[in-house]
Amino acid sequence: QQDDFFIKGDIWQNNRRWPFSLQVINSSAPGDFDLEVGSIICRRIEIRGESNFRSINDKIIQNGKRLVVFNDLMIVQDNINLFLRIGSIADKLIEVCELADSIEFEYTDKDDREVVFL
């Protein structure tokens, strides 16, 4: 959609790539906005077996976030109010990226530097 506002990029941490996306979305409160924070875990085809997929989903839910599969990419997502201080937004971004990266490393034992948000 042409009216959407996205920021996409990478954070490099300990020589590992954390791809992320920030998108402004409508909040559940009328007239308020959230920032949807996302980080790619890996491609869906890299996770072998439905039990591993469920295990990943459970881990994400236990961390208060959600798993989204879009265009064969597994993505950790969470929302934060757009009008909070920038430090809170940065903390949320790091939290989401760390979770996605730890799951990627645990289940694929690699750092896929090819995957990108479209």
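**A guided tour of the sheet, its helices and the core**

Begin by selecting β1 (6-13) and β2 (16-26), which pair in the antiparallel sense over eight bridges. The model on screen is predicted. Within this pair, select Trp12; its bridge partner in β2 is Arg17.

**The whole sheet**

Next, display all the strands together. They form an open sheet of five strands in the order β1-β2-β3-β5-β4, with antiparallel pairing. The edges are occupied by β1 and β4 (66-70), and each has a single partner strand, so one side of each is left without a neighbour in the sheet. On average, neighbouring strands are turned by 30° against each other, direction ignored.

Now select β3 (33-43) and β5 (73-81). Nine bridges join β3 and β5 in the antiparallel sense, and along this pair Asp34 stands opposite Asn81 in β5. Is β5 enclosed or open to the outside? Seven of its nine residues are buried, so β5 is largely enclosed by the rest of the structure.

Add β4 to the selection. β4 and β5 pair over five bridges, again in the antiparallel sense, and Arg66 stands opposite Gln77 in β5. The hairpin of β4 and β5 has two residues between the strands; select Asn71 there to find a positive phi near 50°.

**A buried glutamate**

Select Glu36, which is located in strand β3. With a relative accessible area of 16%, Glu36 is buried, since the cut-off for burial is under 20%. Which side chains make polar contacts with that of Glu36? One is the side chain of Arg66, at 3.5 Å; a polar contact of 3.5 Å also joins the side chains of Glu36 and Gln77. Leaving aside residues up to four places away in sequence, Glu36 touches Ser21, Leu22, Gln23, Ile25, Arg66, Gln77, Asp78 and Asn79.

**The two helices**

Select α1 (50-62). This helix lies across β3, β4 and β5, and runs at about 135° to β4.

Then select α2 (86-108). The buried residues of α2 include Ile89, Leu93, Val96, Leu99, Ala100 and Ile103; among them are also the polar or charged positions Lys92, Asp101, Glu104 and Thr108. These buried residues pack against β1, β2, β3, α1 and β5. At 1.5 Å a residue, the 23 residues of α2 should span 33 Å, and the end C-alpha atoms are 32 Å apart, which agrees. Just after the helix, select Asp109, whose phi is positive, near 55°.

**The nonpolar core**

Finally, show the side chains of Ile41, Ile56, Ile60, Met74, Val76 and Leu93: these have the most contacts inside the largest nonpolar core, which has 23 residues. At least two residues of this core come from each of β2, β3, α1, β5 and α2. Which element supplies the largest share of the core? It is α2, with seven residues. In soluble globular proteins, nonpolar side chains tend to be buried together.

End the tour on Ile56. Not counting residues up to four places away in sequence, Ile56 touches Ile41, Ile47, Met74, Ile103 and Tyr107. Of these, Ile41 and Met74 are also listed among the core residues with the most contacts, and Ile103 is one of the buried residues of α2.

Key. Residues numbered from 1 in each chain as written. Predicted model: local features only at pLDDT ≥ 70, side-chain atom pairs only at ≥ 80, totals over all residues. Heavy atoms only, no water. Core = buried A, V, L, I, M, F, W, Y, C linked by side-chain atoms within 4.5 Å. Buried < 20%, exposed > 50% of the residue type's maximum accessible area, 1.4 Å probe, protein only. Helix = DSSP H or I, 4+ residues; strand = E, 2+ residues; numbered from the N terminus. Contact = heavy atoms within 4.5 Å. Expected span 1.5 Å × (residues − 1). Polar contact = N/O pair within 3.5 Å; in protein donor to acceptor, adjacent residues only side chain to side chain. Pairing = 2+ DSSP bridges. Axes fitted to C-alpha atoms, helices over the stretch in contact; angles between N-to-C directions.
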